[in-house]
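Me: I'd like to practise reading a structure from the whole chain down to single residues. Could you walk me through one?

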Amino acid sequence: MTTLDDPGRLLAVWEAAAAAPPAARGPVLLHAAGLLPDLDAALDLPVGTVAALAARLSVDSFGDPVDAVLTCGCGEVLDVALPLDPVAGLPAGDAGAVAGGTLRVRAPTARDLLAAGRSGDPLGTLLARCVRDADGRPVAPGELTADQRRAVDTAAEELAGAAAVVLRTRCPGCGDGVVATLDVAELLWERVVRRAPAVLAEVAALAAAYGWAEADILALPAGRRRVYLALATGRAA
Ligand SMILES: [Zn+2]
């Protein structure tokens, strides 16, 4: 089981993912964690596959559920305990689906999202990359009829899997329903960002107390690190 319990791995993940554009953060994070050995291949995985792996790593490293914060239209801030274990088990559609009988749609990848982000027409770029006609040729978004566009949207939703988890809850303030799309990789990234300063503070405390090098401190078994830290700070282990 791969987790981010190892402090050296957590810091490596934190550094790699901080430097990545948001659209590629999931694959970069999973690669740095050691879950996906080939970064190029990771960027070509369907976003749903990446999201399901991110949910699994999040649960295994930080526990379940995760605390998510939503803001209602009325301004009320809602704290929601969100179970990620079911998300980790969602099947990812990567085989492509038939839309409207004549079109094939494949799930977008991080590379598709990066290309869309760089273009002046993100949606058109995504459609051009992910939709093919019956002969396997790209379809210009302008050529799609309204019915075909609806069929493509439906197929894309089915293919998204864990990348399109929707959270529905009720606002205790105004009573309205609140619907939010969940970015599992981003939630995992936030957990890494919250944990990293504590790891660095532990390394700094041990380095100051004993004069050890960072690499040696990160290589300490967890139990020994905890006891040395307690001795250095005068707190019980
Ligand atoms: Zn509200």
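Reply: Happy to. A good starting point is how much of the chain is tucked away: of the 237 residues of the protein chain, 40% count as buried. Keep in mind that this is a predicted model.

Me: What secondary structure does the protein chain have?

Reply: The protein chain has 11 helices and seven strands. For overall dimensions, look at the box around the C-alpha atoms, which is roughly 70 × 45 × 30 Å along the principal axes.

Me: How do I read contacts along the sequence?

Reply: You ask how far apart the partners sit. Here, among contacts between residues at least 6 apart in sequence, 56% join residues at least 24 apart.

Me: And the surface and the charges?

Reply: The accessible surface comes to about 12300 Å², and 54% of that belongs to carbon and sulfur atoms. As for charge, there are 21 positive and 29 negative side chains, with the centres of the two sets 2 Å apart.

Me: Now the interior. What should I look for there?

Reply: In soluble globular proteins, nonpolar side chains tend to be buried together. In this model the largest nonpolar core has 47 residues, and Leu4, Leu84 and Val184 have the most contacts inside it. Helix α9, residues 184-210, gives the most to this core, with 10 residues.

Me: Which residues does Val184 touch, leaving out those up to four places away in sequence?

Reply: Val184 touches Ala51, Ala54, Ala55, Leu84, Val87 and Ala162. There's also a second, separate core of 10 residues, which includes Leu103, Val105, Ala107 and Val131.

Me: Let's do strands. Which residues make up the covered face of β1?

Reply: With a strand, you sort the residues by the face they belong to. In β1, residues 66-71, the covered face is Val66, Ala68 and Leu70, while Asp67, Val69 and Thr71 make up the uncovered one. Next, find the partner strand: β1 pairs with β2, residues 77-82, in the antiparallel sense over six bridges. One anchor for your eye is Val66, whose bridge partner in β2 is Leu82.

Me: What joins those two strands?

Reply: β1 and β2 form a hairpin with five residues between them, and Gly75 in the turn has a positive phi of about 105°. Gly75 counts as partly exposed because its relative accessibility is 46%, and partly exposed runs between 20% and 50%. Across the fold, the C-alpha atoms of Gly75 and Cys171 are separated by 9.9 Å, though the two are 96 residues apart along the chain.

Me: Where else can I practise on a hairpin?

Reply: Try β6 and β7. Strand β6, residues 165-170, runs antiparallel to β7, with six bridges joining them. Val165 has Leu182 as its bridge partner in β7. This hairpin has six residues between the strands, and Gly175 takes a positive phi near 85°. For the faces of β7, residues 177-182, put Val178, Ala180 and Leu182 on the covered side and Gly177, Val179 and Thr181 on the uncovered side.

Me: What kind of peptide bond joins Asp64 and Pro65?

Reply: For that you check omega. The bond between Asp64 and Pro65 is cis, with omega about 0°. Pro65 is found in the loop between α4 (47-62) and β1.

Me: Is there a charged residue worth reading? Asp112, say: buried or exposed?

Reply: Asp112 counts as buried because its relative accessibility is 1%, and the cut-off for buried is under 20%. Asp112 sits in helix α6, residues 110-118. Leaving aside its neighbours within four places in sequence, Asp112 is in contact with Arg106, Ala107, Leu126, Arg129 and Cys130. Leu114, also placed in helix α6, touches Pro21, Ala23 and Ala24, again not counting residues up to four places away.

Me: Last one: where does Trp14 lie?

Reply: Trp14 lies in helix α1, residues 7-18. Trp14 is partly exposed, because its relative accessible area is 27%. Skipping residues up to four places away in sequence, Trp14 touches Trp189, Val192, Val193, Ala196 and Leu200. To see how sequence and space can part ways, take Trp14 and Arg194: they are 180 residues apart in sequence and 10.0 Å apart in space, C-alpha to C-alpha. Set beside that Leu114 and Gly177, which are 63 residues apart in sequence and 32 Å apart in space, again C-alpha to C-alpha.

Technical notes:
Residues numbered from 1 in each chain as written. Predicted model: local features only at pLDDT ≥ 70, side-chain atom pairs only at ≥ 80, totals over all residues. Heavy atoms only, no water. Core = buried A, V, L, I, M, F, W, Y, C linked by side-chain atoms within 4.5 Å. Buried < 20%, exposed > 50% of the residue type's maximum accessible area, 1.4 Å probe, protein only. Helix = DSSP H or I, 4+ residues; strand = E, 2+ residues; numbered from the N terminus. Contact = heavy atoms within 4.5 Å. Areas by Shrake-Rupley, 256 points an atom, 1.4 Å probe, with all protein chains shown as cover. Lys, Arg positive; Asp, Glu negative; His and termini not counted. Charge placed at Lys NZ, Arg CZ, Asp CG, Glu CD. Pairing = 2+ DSSP bridges.
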